[in-house]
Amino acid sequence: MLKILKLAFTLTVFCVLSAGALAYVFMFTGPKIEANAKLAFERSLKEVMPVAESFKAAGKDGKIFEGVAAGKTVGTVVLVAPRGYSSNIQMLVGVDGELKVKGIKVLDQRETPGLGTNILKAKFLGQFVGKSSADKLEPKKDVEAITGATISTRGVCEGVRAALTGASEFAKGAK
């Protein structure tokens, strides 16, 4: 019985010290990790709306960012997360003042490696640049689908349509 109590005490001390060490490390690294994530997100905004000098959060849900240059709005970046084959595809879509796509950046996805992950390729994403809500944005019609990854392709198309709708509604509300 004494051995069990001794072992339990040793394990308890070890757990408390480990938890304390983890909390101590997190206290110093947490703010740095958060700052780096914010910087990476700001870079992603700039990638999809390169003409903007700065961005400010707009809209009620925190998914719309207004791109500003020389004190004027030059476009909108919308954060969308349409459903793909294996996961939601979190992406930013930059939309200019004429409500045309300026750029797309996939932030997070869990699509099938070698198939669905081809949505990350510049050639695939580049075909959306210049598209507007007047376009069908449908695989095999006005968007070249990825062979073997039609559902992932459809998800990106759905996300672009949602972003164009969001940007249009924001533009109407801003006037």
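A salt bridge is a side-chain nitrogen of Lys or Arg within 4 Å of a carboxyl oxygen of Asp or Glu. The structure analysed here is a predicted model. By this rule, the count comes to four salt bridges. One of them joins K105 and E47, whose closest N and O atoms are 3.1 Å apart. K105 belongs to strand β5 and E47 to helix α1, so this pair ties together parts that are 58 residues apart in sequence. Both partners are partly exposed: the relative accessible area is 24% for K105 and 47% for E47.

The strand that carries K105 is part of a sheet. This sheet is open and consists of five strands in the order β1-β2-β3-β4-β5, with antiparallel pairing. Strands β1 (54–58) and β5 (101–108) stand at the edges; each has a single partner strand, so one side of each is left without a neighbour in the sheet. On average, neighbouring strands of the sheet are turned by 25 degrees against each other, direction ignored. Strands of a sheet pair through backbone hydrogen bonds, in either a parallel or an antiparallel manner.

Helix α1, which spans residues 2–48, lies across β1, β2, β3 (72–80), β4 (90–96) and β5. Relative to β5, the helix runs at about 150 degrees. V25 is also found in helix α1. Together with Y24, M27 and F28, V25 makes a nonpolar surface patch of about 460 Å². The relative accessible area of V25 is 47%, so this residue counts as partly exposed.

At one edge of the sheet, β1 is joined by five bridges to β2 (residues 64–69), and the two strands run antiparallel. Within this pairing, F55 stands opposite G67 of β2. The two strands form a hairpin with five residues between them, and G59 in the turn has a positive phi of about 80 degrees. A salt bridge also links the side chains of K56 and E66, with an N to O distance of 4.0 Å. K56 lies in β1 and E66 in β2, so the pair ties together parts that are 10 residues apart in sequence. The two partners are covered to unlike degrees. K56 is partly exposed at 46% relative accessibility, whereas E66 is buried at 13%. The value for E66 falls below the cut-off, because buried means under 20% relative accessible area.

Strand β2 is mostly covered, with six of its six residues buried. In a regular strand the side chains alternate between the two faces of the sheet. In β2 both faces are covered: I64, E66 and V68 are buried on one side, and F65, G67 and A69 are buried on the other.

On its other side, β2 is joined to β3 by six bridges, and these strands run antiparallel. E66, already described as a salt-bridge partner of K56, has T76 as its bridge partner in β3. The hairpin formed by β2 and β3 has two residues between the strands, and A70 in the turn has a positive phi of about 55 degrees.

A further salt bridge is formed by E138 and K141, with the closest N and O atoms 3.2 Å apart. E138 is partly exposed, with a relative accessible area of 30%, while K141 is exposed, at 59%.

Note on methods. Residues are numbered from 1 along each chain as its sequence is written. This is a predicted model: local features need pLDDT of at least 70, side-chain atom pairs count only at pLDDT 80 or more; totals for chains, interfaces and linings use all residues. Side-chain values use heavy atoms; hydrogens and water are left out. Two strands pair if DSSP finds at least two bridges between them. Helices (H or I, at least four residues) and strands (E, at least two) are DSSP runs, numbered from the N terminus. Axes are lines fitted to C-alpha atoms, for helices over the stretch in contact, and angles run from 0 to 180 degrees between N-to-C directions. Contact means heavy atoms within 4.5 Å. Patches are made of residues with over 30% relative accessible area and no salt bridge: like charges are joined within 9 Å, nonpolar side chains (Val, Leu, Ile, Met, Phe, Trp, Tyr) within 5 Å. Accessible areas come from the Shrake-Rupley method with a 1.4 Å probe; for residues, only the protein chains shown count as cover. Buried means under 20% relative accessible area, exposed over 50%, partly exposed in between (1.4 Å probe, protein chains only).
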